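Take a look at this model before reading on. The paragraphs below go from packing to open space.

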Amino acid sequence: MQATDTRRLVPIHRTTDLRAPWWVVCAAALAPVLLIGGWTIATTFQPPTYLWTRDTISALARIGAPERWLMTAAFAGLGVCYLLIALGLRAAAPLGRVVLFIGGGTTILVSALPLPPNGTSQAHGLVALIGFLTMALWPLAAARWSGATETTPWALRVPVAIAATVALLVVNGWFGLSLLPHELVGVSERASAAAEALWPLAVVLSTRVGALSVTAAERAPTG
């Protein structure tokens, strides 16, 4: 008698169409590396008057700053990474992909609108503000508010998305408040920027891990 295969057949689209492509995974992993690595390396070229705890990341790309091209390239590369993630992250809600695309565009604009040699720039500040707020609200926009199932990646589930946005807004709020005494601006800005760069990676990885878990569960013998 021929043995009966008790494994259930799994439609490929149920588990693989939510998985972020490999190039999206690479872009998501590269984003925080570019940002954190960029400011770390660029800081080593600055004069002793530059204090990373007090001075902003944008000051590293200021016109006239030593080796300003390093941070400028890091900003531009980070923005491109966001654009690639928005393009390929099919598991995210359509609105979330649009919001992330805006976040990527504003990040690129930050690199194209550097601070002047002295003082501030309203254009740079406005674009940076839009970028920070956009990336903080992105988890909510990307969440699956309707049609969520057990196969929905954990990072795109509404409770997780709400928690992520609240956390990012809190860190952004710390950054905003630190502008007043201007003593820990560098610390708070780096914390906010790093958190916003790492969350897309968490979302992308959740689409891969979740899909593998569902595949394994669906293919398990039923008896």
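**Packing around P200**

Leaving aside neighbours within four places in sequence, P200 is in contact with A28, Y82, I85, M135 and W138. The model is a predicted one. P200 itself is found in helix α7. Is P200 buried or exposed? Its relative accessible area is 1%. The cut-off for buried is under 20%, so P200 counts as buried.

The chain comes back on itself here. The C-alpha atoms of P200 and A27 are separated by 9.5 Å. Along the chain, P200 and A27 are 173 residues apart.

I85 tells the story from the other side. Residues up to four places away in sequence are again not counted. I85 touches P200 and V204. I85 also touches V24, A27, A28 and L100.

**The nonpolar core**

I85 belongs to the largest nonpolar core, a set of 48 residues. Which of its members touch the most other members? They are L35, M71, Y82, I85, L89 and W138. Among them, Y82, I85 and W138 are also contacts of P200. Several helices each supply at least two residues of this core. They are α2 (22-43), α3 (68-88), α4 (94-112), α5 (122-142), α6 (158-178) and α7 (185-219).

**A buried loop residue**

Now turn to the loop between α5 and α6, where T152 lies. T152 has a relative accessible area of 6%. Buried means under 20%, so T152 is buried too. Not counting residues up to four places away in sequence, T152 touches two arginines, R144 and R157.

**Pocket and cavities**

Next comes the open space. About 820 Å³ lies in the largest pocket. Its lining has 36 residues. S58, A128, F132, F175 and E189 lie nearest the pocket centre. The elements that give two or more residues to this lining are α3, α4, α5, α6 and α7. Which of them gives the most? It is α5, with nine residues. By class, the pocket lining divides into 17 nonpolar, 14 polar and five charged residues.

The structure also holds two cavities of 30 Å³ or more. The second largest cavity has about 40 Å³ of space. S58, A61, F75, V110, S111, P114, L115 and H124 line this cavity. Five of these lining residues are nonpolar and three are polar. No charged residue takes part, whereas the pocket lining has five. S58 links the two spaces in the list of residues: S58 lines the second largest cavity, and S58 is also among the residues nearest the centre of the largest pocket.

Methods:
Residues numbered from 1 in each chain as written. Predicted model: local features only at pLDDT ≥ 70, side-chain atom pairs only at ≥ 80, totals over all residues. Heavy atoms only, no water. Core = buried A, V, L, I, M, F, W, Y, C linked by side-chain atoms within 4.5 Å. Buried < 20%, exposed > 50% of the residue type's maximum accessible area, 1.4 Å probe, protein only. Helix = DSSP H or I, 4+ residues; strand = E, 2+ residues; numbered from the N terminus. Contact = heavy atoms within 4.5 Å. 1 Å grid on protein atoms, 1.4 Å probe; cavity = no way out; pocket = protein on both sides within 12 Å on 5 of 7 lines; lining within 4 Å. Points joined across faces, edges and corners; volume = space filled by probe spheres on them. Nonpolar A, V, L, I, M, F, W, Y, C, P; charged D, E, K, R; others polar.
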